[in-house]
Amino acid sequence: MAYLNDNYLKLKAGYLFPEIGRRVKAFCDANPAAAQRLIRCGIGDVTEPLPLAVTAALHKAVDEMGARATFKGYGPEQGYDFLRAAIAKNDYRDHGIDVADDEIFVSDGSKCDCGNILDILGGKNKIAISDPVYPVYVDTNVMAGHTGEANEAGAYGKIVYLPCRPSNGFIPEPPKKHVDVIYLCSPNNPTGAAATREQLESWVKYALEHKSVILFDAAYEAYISEPGIPHSIYEIPGARECAIEFRSFSKNGGFTGTRCAFTVVPKSLNVQTKSGEVKPLHPLWNRRMTTKFNGVSYIIQRAAEALYSDDGKAQVRALIEHYMGNAKVLRAGARKAGLKVFGGVNAPYIWVRTPKGVTSWQIFDKILNEANVVITPGSGFGSKGEGFFRISAFNSRANAEEVARRLQELKW
Ligand SMILES: *Cc1c(COP(=O)(O)O)cnc(C)c1O
């Protein structure tokens, strides 16, 4: 009989969102009337339609694909030059950040990139991951066999967890001990916290001293509203020698269902072989992409390119202002309900402390049953997320206002 990958059996049963889905379905089946007024502020998925600049580019690209003279088959695995150039110029060089076109690798999502990056990193690395955070970093390391078993609280052996608490503003400090690979997510999902320049400088300093690699997930960079907060890890001198950056069009352009993202791998980022030889990671990621990926569809890359047109930029701004307007409404509502509220300023997520003695899943059930609102229990993002819950601002304004109202009606 063939063998399976035993590492998958270490994964905690019921990944967060399936468990939420199960509870919501059970509730709706049992309470059809309440189901009618259900508002979902759970999963971090956008709600507003694609910007007009994008749908126009999609239509045009579809027509090109339908005509012999402009039809395209396989494209470059790394992404079309037009999109790599638009990204490197608009997201980096126009901001004084040194990133070359061929350091951009276009993909069908940051979730895949965050997981796939482990293909080119060794199995013996000591891995540090913020807690709480986007569950993909931990789970992909479990699948790759980089961890021990999970304990009761869901923390895996061998991973160095970086606690994110109110006392450190939910931004972890570099550990005292040595780690090789560091996952940072700023602005953070789920806490909404964004790292300051000084905080990122301390991480880059640590990574250069320890010869570690920082995996920097900037999926929410477009939501940063406070001046001075870095939008890219490469704003920090030295980061080109120690960091990979993940970005996505999912949250800024509303591409969660359209699928396009990119990873920046600087050519100056080196790591070592088993025997201690120093080698760049860029050729490995290039090799990985050309071997295991056949590129994002031409149509979708044209759509992503349209986000960088003048119209596209203005429409993205409007989308973000819409969601951040919701965040403001939700923050105020939760605060008026007597809750302690974090985030929602540089990210579309409000991170809320549960009342004393109430667990994340207990408050999930209470808010579902009594307010008919779906939130996300903090414990699903890591053991340090226990005692918190996340409200997503991805919604219509009417829904955000209604949720803010219902939260204030709850008896705590
Ligand atoms: C939504 C999200 C992404 C984007 O994932 P895609 O696969 O590009 O849709 C990446 N990182 C975090 C932390 C996210 O919340």
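Helices and strands here are DSSP runs, of at least four residues for a helix (H or I) and at least two for a strand (E), numbered from the N terminus. Lys211, for example, has its place in the loop between α7 and β6. The model is predicted. It holds 23 salt bridges, and a search of the whole structure finds zero disulfides. A ligand is also present, with 14 residues around it.

**Salt bridges**

- Arg288 and Asp119 meet through their side chains in a salt bridge, with 3.0 Å from N to O. Arg288 belongs to helix α8 (residues 282-292) and Asp119 to the loop between α5 (110-116) and β3 (127-131), so this pair ties together parts that are 169 residues apart in sequence.
- The two partners of that pair are covered to unlike extents: Arg288 counts as buried at 11% relative accessibility, whereas Asp119 is partly exposed, with a relative accessible area of 40%.
- A salt bridge also forms between Glu221 and Arg247, whose closest N and O atoms are 3.4 Å apart. It links distant parts of the chain, 26 residues apart: Glu221 sits in the loop between β6 (213-217) and β7 (243-248), and Arg247 in strand β7. Both Glu221 and Arg247 are buried.
- Arg247 has a further salt bridge, in which its side chain meets that of Glu245 at 3.0 Å, N to O. The relative accessible area is 3% for Arg247 and 0% for Glu245, and each residue counts as buried.
- Elsewhere, salt bridges that share partners join Glu19, Arg22, Arg23 and Asp365 into one network.

**Cysteines**

- The search for disulfides across the whole structure returns zero. Cys185 is in no disulfide, and the nearest cysteine sulfur, that of Cys114, is 8.1 Å away.
- Cys185 is buried, with a relative accessible area of 7%.
- For Cys260, the closest cysteine sulfur is in Cys112 at 11 Å, which is too far for a bond, because a disulfide needs two cysteine sulfur atoms within 2.5 Å.
- Cys260 is buried as well, with a relative accessible area of 1%.

**Ligand surroundings**

- Of the 14 residues around the ligand, those that come nearest are Asp217, Tyr220, Ser248, Ser250 and Lys251.
- By class, this shell contains five nonpolar, five polar and four charged residues.
- A nitrogen atom of the ligand has a polar side-chain atom of Asp217 at 2.7 Å.
- Oxygen atoms of the ligand are reached by two side chains: a polar side-chain atom of Lys251 lies 3.2 Å from an oxygen atom, and an N or O atom in the side chain of Arg259 is 2.7 Å from an oxygen atom. Taken alone the ligand exposes 390 Å², and the protein buries 93% of that.
- Ser248, one of the residues that come nearest to the ligand, is found in strand β7 and counts as buried at 9% relative accessibility. Its side chain reaches the backbone nitrogen of Ser250 at 2.9 Å.

**Backbone features**

- Most residues other than glycine have a negative phi, and most peptide bonds are trans. The items below depart from one or the other pattern, except for the last.
- Asp131 and Pro132 are joined by a cis peptide bond, with omega about 5°. Pro132 has its place in the loop between β3 and α6 (136-143).
- The peptide bond from Ser186 to Pro187 is also cis, with omega near -10°. Pro187 lies in the loop between β5 (181-185) and α7.
- Lys158 is a residue other than glycine with a positive phi, near 80°. It is found in the loop between α6 and β4 (160-163) and is exposed, with a relative accessible area of 56%.
- Lys211 likewise has a positive phi, near 55°. Its place is in the loop between α7 and β6, and at 72% relative accessibility Lys211 counts as exposed.
- Arg197 lies in helix α7 (residues 197-210) and is partly exposed, with a relative accessible area of 28%. Arg197 and Gly228 are 31 residues apart in sequence and 7.2 Å apart in space, C-alpha to C-alpha.

Conventions
Residues numbered from 1 in each chain as written. Predicted model: local features only at pLDDT ≥ 70, side-chain atom pairs only at ≥ 80, totals over all residues. Heavy atoms only, no water. Salt bridge = Lys/Arg side-chain N within 4 Å of Asp/Glu carboxyl O. Buried < 20%, exposed > 50% of the residue type's maximum accessible area, 1.4 Å probe, protein only. Near = heavy atom within 4 Å. Polar contact = N/O pair within 3.5 Å; in protein donor to acceptor, adjacent residues only side chain to side chain. Areas by Shrake-Rupley, 256 points an atom, 1.4 Å probe, with all protein chains shown as cover. Nonpolar A, V, L, I, M, F, W, Y, C, P; charged D, E, K, R; others polar.
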